[in-house]
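Trainee: Got a minute to walk me through this one? I'd like to get a feel for it before I set anything up.

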Amino acid sequence: MATNLVNLEAVGKVYGTRALLDGVSLGVNEGDRIGVVGRNGDGKTTLIRILAKLEGADDGRVTHSGGLRLGVLTQHDSLDPAATIRHEVIGDLADHEWAGNAKIRDVLTGLFGGLDLPGFGQGLDTVIGPLSGGERRRIALAKLLIAEQDLIVLDEPTNHLDVEGISWLARHLQSRRSALVVVTHDRWFLDQVCTRMWDVQRGDVHEYEGGYSDYVFARAERERIAATEEAKRQNLMRKELAWLRRGAPARTSKPRFRIEAANELIADVPPPRDSAELMKFASSRLGKTVFELADVTVQAGPKLLLKHLTWQLGPGDRVGLVGVNGAGKTSLLRALSEAARTEGEAQPAAGRIVVGRTVKLAYLSQEVGELDPTLRVLEAVQEVRERVDLGKGREMTAGQLCEKFGFTKEKQWTPVGDLSGGERRRLQILRLLMDEPNVLFLDEPTNDLDIETLTQLEDLLDGWPGSLIVISHDRYFVERTTDRVFALLGDATLRMLPRGLDEYLERRQKVIEAAAPAPAQTAAPKKAAAVNRAAQKELQKIERQLDKIGDKEAKLHAQIAEHATDFEKVAGLDAQLRELAGERDELEMRWLELAEDA
């Protein structure tokens, strides 16, 4: 029988007048791999902080087994800013000791791209203080994973990791013997890693066996049996279950429930999207032409991001766009957006972009747009439009769409300035959809969104008749909302990937293996290998600088929102944003030069 590591007995926690946890009793045993899900603000982080004894409970008791070795990754690290990466991650181990340890080599390579930490100017001897939030988080994760623990508790570990990093982390956690409790919105990750789920809802925690796919089925079945009044949510869960059961085997975990029951539950659920009907309706709204690119060159300064690109986005096309940092994903969307904004007047450095005459584009960027902080949520949506046509005779009011995106009637009267980052992201998407676009560009739309909101967004997009391009590290969202995947691999070309994200990861692995220096036999190969290592090291350093710029831009956008009525202040902040954009362009250009050398 598995040993009990942590036990929660009748735990309660109240903030203000709201009970986040109400009489919750749970246990974590040896070998458990538990995923924690629920809406933002419902208490997921509070639950794991109480479980780890980082925060006290108001009621009940939390007990740990004697001598429990516990590792915790929180949203805010406790790294010493004056220390080096070596000191925090490896400690006092001599080079020959840690370099001979397979686990340490795997963690450093998986999280940083090499044992010499090529993304950091001084490698392991880099001082932590000046690093970006994303870099510090990876260091904290590496420190935790290198140590030996009985239980690992992770709060959003996939933040600041790309598709490759998330894939590595999933494999690493699968191979560990430690028990695991993880809060994440990444559904693919949950399905790969977890064998149990905790669903935090309205003060209670519901337990389910299996990964995310199994959780979706079990929750839909529980709500059906209980005949709850949440008919809309029940139907949504059944729809997602149907997609999981009918999709590629790689998207689902092995079912632990009766297959007959699952099939019966979804027998009357149609496919998520009627592609033929949507294509027909999109064509009627858009005509034959959306975007057509002929021999197009996209540049960042004098450096080529894409060259001789001939491609088209047709009516109803749903495209996922993936690629390494700096390869030009966002730049491509910006070039298309600028051509649409100027009705074809603004053109790339070479070639031509033809924009359909009826194109009405909505572009969701990575930054949360500035909104008047004094507006109420409903007012901010009604400012765009009172009602929205969703196609096929479906229409929603601003208030109904707000509710669909998790803004209850009470929440709709909250001032925008009081919203969290995730809530502002939801509001930004809402405002875009209220404007009834027929083309959508979504650049990292899943940032700060909880799983229920992601599911609602996916459901809304299922019936949305238009053309769609998605850039995202969330492979579940890409697979769920798009029909084809294209990749930019840093060689100035755009490639279609028939097998989607799996093929992308395979191609990236081949590139990494090809770049790795082979054992040298002569002086010439040694020199070439040295040049390659130097290029790789500078590439990672530039990616680190790009992460820092992203952090600075996010802070500036937050300050602009905070001082929206102070026009002089906003003008100064906007000037800083433009300066950062210039730095970003220069760094991306240098990144591509080095990528070619490497």
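## Strands, cores and odd phi values

Mentor: Sure, let's start with a residue pair: Leu-321 stands opposite Phe-486 in strand E19. Keep in mind that this is a predicted model.

Trainee: How many bridges join E12 to E19, and do they run parallel or antiparallel?

Mentor: E12 and E19 (residues 484-488) run parallel, joined by 5 bridges. E12 also pairs with E18, again in the parallel sense, over 4 bridges. There, Val-319 stands opposite Ile-469 in E18.

Trainee: Is E12 mostly covered or open?

Mentor: Mostly covered. E12 covers residues 318-323, and 6 of its 6 residues are buried. Both faces are covered: Arg-318, Gly-320 and Val-322 are buried on one side, and Val-319, Leu-321 and Gly-323 are buried on the other.

Trainee: Back to Ile-469, then. Which residue of E17 stands opposite Ile-469?

Mentor: Phe-441 does. E17 and E18 (residues 467-471) run parallel, with 5 bridges between them. To get from E17 to E18, the chain goes through helix H16 (residues 451-462).

Trainee: And what's the hand of that β-α-β crossover?

Mentor: Right-handed.

Trainee: What else does E17 pair with in the parallel sense?

Mentor: Strand E14 (residues 361-364), over 4 bridges. Leu-361 has Val-439 as its bridge partner in E17.

Trainee: How many residues of E17 are buried?

Mentor: For E17, residues 439-443, 5 of 5 are buried. Val-439, Phe-441 and Asp-443 point one way, while Leu-440 and Leu-442 point the other way. Note that Asp-443 is among the buried residues.

Trainee: Changing topic: which residues have the most contacts inside the largest nonpolar core?

Mentor: Phe-291, Leu-427 and Tyr-504, in a core of 76 residues. There's also a second, separate core of 47 residues, which includes Leu-124, Leu-161, Val-193 and Ala-218.

Trainee: What does Leu-427 touch, leaving out residues up to four places away in sequence?

Mentor: Leu-427 touches Leu-371, Val-377, Ala-380, Val-381, Phe-407, Val-416 and Leu-419. As background, nonpolar side chains tend to be buried together in soluble globular proteins.

Trainee: OK, now backbone oddities. Which residue in the loop between E6 and H6 should I look up?

Mentor: His-160, which is found between strand E6 (151-155) and helix H6 (163-175). His-160 has a positive phi of about 75° although it is not a glycine.

Trainee: Why does His-160 count as partly exposed?

Mentor: Because its relative accessibility is 47%, and partly exposed lies between the 20% and 50% cut-offs.

Trainee: What about His-308? Where is it?

Mentor: His-308 is in strand E11 (residues 303-313). Its phi is near 55°, a positive value in a residue other than glycine. His-308 counts as exposed because its relative accessibility is 59%, and exposed means over 50%.

Trainee: Since you mention E11, what's the strand order in its sheet?

Mentor: E11-E10-E13, an open sheet of 3 strands with antiparallel pairing. E11 and strand E13 (350-355) are the edge strands, each pairing on one side only. Ignoring direction, neighbouring strands of this sheet are turned by 30° against each other on average.

Trainee: How many bridges are there between E10 and E13?

Mentor: Strand E10 (residues 291-300) pairs with E13 over 5 bridges, in the antiparallel sense. Thr-297 stands opposite Ala-350 in E13.

Trainee: Which helix lies across that sheet's strands?

Mentor: Helix H12 (residues 329-341) lies across E10, E11 and E13, and runs at about 120° to E10.

Trainee: Last topic: what about the open sheet with E1 in it?

Mentor: That sheet has 3 strands in the order E2-E1-E4, with antiparallel pairing. Its edge strands are E2 (18-29) and E4 (59-64). The twist averages 15° from one strand to the next.

Trainee: Which helix packs on the sheet, and what does that helix touch?

Mentor: Helix H1 (residues 44-51), touching E1, E2 and E4. The direction of H1 makes about 130° with that of E1.

Trainee: And how do E1 and E4 pair up?

Mentor: Strand E1 (residues 4-15) and E4 run antiparallel, with 5 bridges joining them. Gly-12 stands opposite Asp-59 in E4.

How values were computed:
Residues are numbered from 1 along each chain as its sequence is written. This is a predicted model: local features need pLDDT of at least 70, side-chain atom pairs count only at pLDDT 80 or more; totals for chains, interfaces and linings use all residues. Side-chain values use heavy atoms; hydrogens and water are left out. Buried means under 20% relative accessible area, exposed over 50%, partly exposed in between (1.4 Å probe, protein chains only). Helices (H or I, at least four residues) and strands (E, at least two) are DSSP runs, numbered from the N terminus. Two strands pair if DSSP finds at least two bridges between them. A crossover is right-handed if, with the strands pointing away from the viewer, the path from the first strand over the helix to the second runs clockwise. A nonpolar core is a set of buried Ala, Val, Leu, Ile, Met, Phe, Trp, Tyr and Cys residues joined through side-chain atoms within 4.5 Å. Contact means heavy atoms within 4.5 Å. Axes are lines fitted to C-alpha atoms, for helices over the stretch in contact, and angles run from 0 to 180 degrees between N-to-C directions.
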